[in-house]
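Biologist: I'd like to learn how to read pockets and cores in a model. Can you walk me through this one?

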Amino acid sequence: MTKFRVRFAPSPTGPLHIGGVRTALYNYLLARQQGGSFILRIEDTDQTRYVPGAEAYIVEALRWCGLELDEGPGIGGDYGPYRQSERKDLYQKYAQQLLDQGQAYYAFDSAADLDRLRAEYEARKAVFRYDNSTRMDLLNSLTLPTDEVKRRLEAGEPYTVRLKIPRDEEVSIQDRIRGTVTFKSNELDDKIILKADGLPTYHLANIVDDHFMEISHVIRGEEWLPSTAHHIYLYRFLNWESTMPQFAHLPLILKPKGKGKLSKRDGAKLGIPVFPLAWEGDRPEDSFAGFREFGFLPQAVNNFLAFLGWNPGTEQELFSMDQLSTDFSLERIGKSGARFDYPKARWFNQQYLIATPDVDLVALLRAHDTDGLTTDRSDAFLAAFAGLMKERVQVLPEFWEAGYYFFGPVRDYETKMIRKKWKPERRAAFDALRDRWAELEDFTAAGAEALVKAFMEEQGWGFGDVLPILRLGLSGTMKGPSVFAIGALLGREEVSQRLQLAYDYFDQYHREQASA
RNA sequence: GACCCCGUGGACGAAUGGGAUAAGUCACCGGCCUUUCAAGUCGGAGGUUGCGGGUUCGAGGCCCGUCGGGGUCGCCA
C-alpha cells in the first residue's frame, strides 16, 4: 500500500483566503488520521502575480491554525524543492517529452492574436476555444511546415506548448466526493502547459510535482473539477496513470447572504473576517483584519471550518483537533456549497472561550488589549476577570466592550434603572452599607453576599431594593456577573469610591428628573 | 452560450446499497435558573425534501424533463 501523502498547494498572490485554510485543514486532518504526510508546495509559476510576503503569510497562517507541516519550503523533506519556481527544468523536460510523443505541440499565436480572436467570437455571441476544432486554423507546429517551425524556434520566436487533446474520446474522473464525472474530449481545450517565459502553467507543474512528490490524494476546491480531465490526459501521456493520485473536490464556501461564493469583498462589506490573519496591502482597501484580529481562537476557527462542508453524522459539534483527525472522513464531505455562517462561527468561539482555563486566557487578553488596559494589571486579576466574563462574550474584543468597568470608571449609568430603583431617602442607609462593605474583613464575593444579606434583613428590604443599586453603582449596567464578584475583584477602595460617586450621581439625576 | 457540479425548515445539515410520524445544531420565541445579563437546561414555532413527470408495494435518496444556484471555458492558480 502506498503511503498517504497530501499537499496544500497555494499560489503566493496575496493573503490566504479562508476557503484555502479549510482546504489545508482537510488535507492536514486526513494526513494525521492516515499517519501520512502533509506537504506545503508553493505554486509560484506566475511571476506577474507574485506578491512578496504572501508565502510568509501562508506559513504563518498555517502555524496559527496549528496545521503542522511535514514537508515544505523552509522545512525540508526528501521531495524538494517545494517551490515550483525552483523546479523549472523538470517541467521543461516533460513538456519536451510530450512534444516528442506528439501529444503536445508548439503554438506561435501571440496573446494579442488570441485576444482578438476571442473578441471576434464574442461579437458573434460565441466563445473561442483553442481546441481540436480550431487548432488547424491557427499558428502552430501542426499547421506550419516543419522547417518553418524549426526556423521560428531557432530564431528564438516566442512560443507556448499546448496539450493536444484527442478527439472523440471520453475521460472519466473518479472523484472521492462526487463519484464518476465524465467529460467528452471534444469539450476540452488544448491547454497551454508551458508558457512563453519557459515556466509551466498550473496543469503541467501540478501533475509533474504530484507525481514526483508521490502525492496519493489530491484534495482541492471544486473550481478544479473541470480541468481535472486535462490532468488525467497528462498522467496518461506521461505514462503515470497507474500511480495517479485519487481526487476529491471540495464544495465551495458561499456568501453569508445572497448568491455566489464567498469573496474578500464580503469581508469588508459585512464587517466579518474572511482571512485567517491580518494582511497589509499596498492600499487601505487591500488591507484586512483576520479571524485572529477579530478575536477568534484558532481551535474555534478549525472547528467551524471543519463543519463547512463536513459533518460527523452524529450530534456532536465540538471537536478538538485530535477528535477531528480521528473522526474526519472523505466520505462524509458534502457535495453542495457550504454557506459561511458567521453567527455560527461566533458561537463556536464562545464555546472555546468557555472551555479555555482562565489562566490561559490571560495572554490572549493582553494580546488583544489595544488600549493598554492590562499593562499594570496582574495575571491573577486578568484571570479572574476572564472567568467572570468569558461566558458573556463571543470574541476577545468583547471582553473590553462588556467589561471595561473593571479597568476604569463607569462611563454611563442606565438611567431608566436609576429612575426605577433610586430613592433619595435611602441614601444614608446605602452610605452605611458602603462603609461596611469597604471595611469588610472577609473581602470576597461570599463575604459581601453575607454582608448584604444581613443589611437587607436589618432594613427589611429585598434583593430588588439593594442589588440593582449596587450593580448600577459599580458597573453602570444591568448586564454582567454577580455584583458581589464584581466588588470582590474591584477591591475595597474602588468599591467605596465608586458607590460614593454613583450615589451622588443618582441623587443629582433624581433632582433633575423632579424639576424637569 | 457550452460543459460540469449542486438543490432537505431563515442558516448548517442527518436520514449514508429506496422502507415506518423527515434527527440535531445556529438563529428566533417562551419556561426554569440568576431578583441582572450571559451560560446551562426544558419546551415551542418553523420543512412534505426547488418544480413536474416516471420506475416501485414503497422515493428526500433511482430515471427523465424543467427551474434555480454555483463552477469552468486565460501564456491565473
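Biologist: Let's take the second largest pocket, then. Which residues lie nearest its centre?

Modeller: This is a predicted model, by the way. For the second largest pocket, Lys-264, Trp-279, Glu-285, Asp-286 and Phe-288 lie nearest the centre, out of a lining of 16 residues. The pocket's volume is about 380 Å³.

Biologist: How does that lining divide by class?

Modeller: Seven of the lining residues are charged, six are nonpolar and three are polar.

Biologist: And the largest pocket: what volume does it have?

Modeller: About 1,300 Å³. Its lining takes in 41 residues, and nearest the centre you find Pro-10, Ser-11, Thr-13, Glu-223 and Trp-224. Two or more lining residues come from each of β1 (5-8), α1 (18-33), α6 (202-212) and β8 (217-221).

Biologist: Which element gives the most to that lining?

Modeller: That's α1, with five residues. By class, the lining of the largest pocket has 16 nonpolar, 14 polar and 11 charged residues.

Biologist: Now the cores. What's the general idea there?

Modeller: In soluble globular proteins, nonpolar side chains tend to be buried together. Here the largest nonpolar core has 58 residues, and Phe-38, Leu-67, Trp-310 and Phe-340 have the most contacts inside it. Elements supplying at least two residues each include β2 (37-40), α2 (54-65), β9 (246-250) and α11 (342-355). The largest share of this core is from α1, with nine residues.

Biologist: So α1 turns up again. Where does the rest of the nonpolar packing go?

Modeller: There's a second, separate core of 57 residues, with Leu-382, Tyr-404, Leu-451 and Leu-499 among them.

Biologist: Back in the largest core, what does Leu-67 touch?

Modeller: Setting aside residues up to four places away in sequence, Leu-67 touches Val-21, Ala-24, Leu-25, Tyr-28, Phe-38, Leu-62, Asn-302 and Met-321.

Biologist: Let me pick Tyr-28 from that list. Is Tyr-28 buried or exposed?

Modeller: The cut-off for buried is under 20% relative accessible area. Tyr-28 has 6%, so Tyr-28 is buried. This residue is found in helix α1.

Biologist: Which residues is Tyr-28 in contact with, leaving aside neighbours within four places in sequence?

Modeller: Phe-38, Gly-66, Leu-67, Glu-68 and Met-321. Leu-67 and Tyr-28 thus appear on each other's contact lists.

Biologist: And how many Å apart in space are Tyr-28 and Phe-385?

Modeller: Going C-alpha to C-alpha, Tyr-28 and Phe-385 are 36 Å apart in space, and they're 357 residues apart in sequence.

Methods: Residues are numbered from 1 along each chain as its sequence is written. Chains are lettered from A and ligands numbered from 1 in the order in which they are written. This is a predicted model: local features need pLDDT of at least 70, side-chain atom pairs count only at pLDDT 80 or more; totals for chains, interfaces and linings use all residues. Side-chain values use heavy atoms; hydrogens and water are left out. On a 1 Å grid over the protein atoms alone, a cavity is a set of points where a 1.4 Å probe fits but cannot get out, and a pocket is an open set with protein on both sides within 12 Å along at least five of seven lines; lining residues have an atom within 4 Å of a point. Grid points are joined across faces, edges and corners, and a volume is the space filled by probe spheres set on the points. Helices (H or I, at least four residues) and strands (E, at least two) are DSSP runs, numbered from the N terminus. Ala, Val, Leu, Ile, Met, Phe, Trp, Tyr, Cys and Pro count as nonpolar, Asp, Glu, Lys and Arg as charged, and the others, Gly among them, as polar. A nonpolar core is a set of buried Ala, Val, Leu, Ile, Met, Phe, Trp, Tyr and Cys residues joined through side-chain atoms within 4.5 Å. Buried means under 20% relative accessible area, exposed over 50%, partly exposed in between (1.4 Å probe, protein chains only). Contact means heavy atoms within 4.5 Å.
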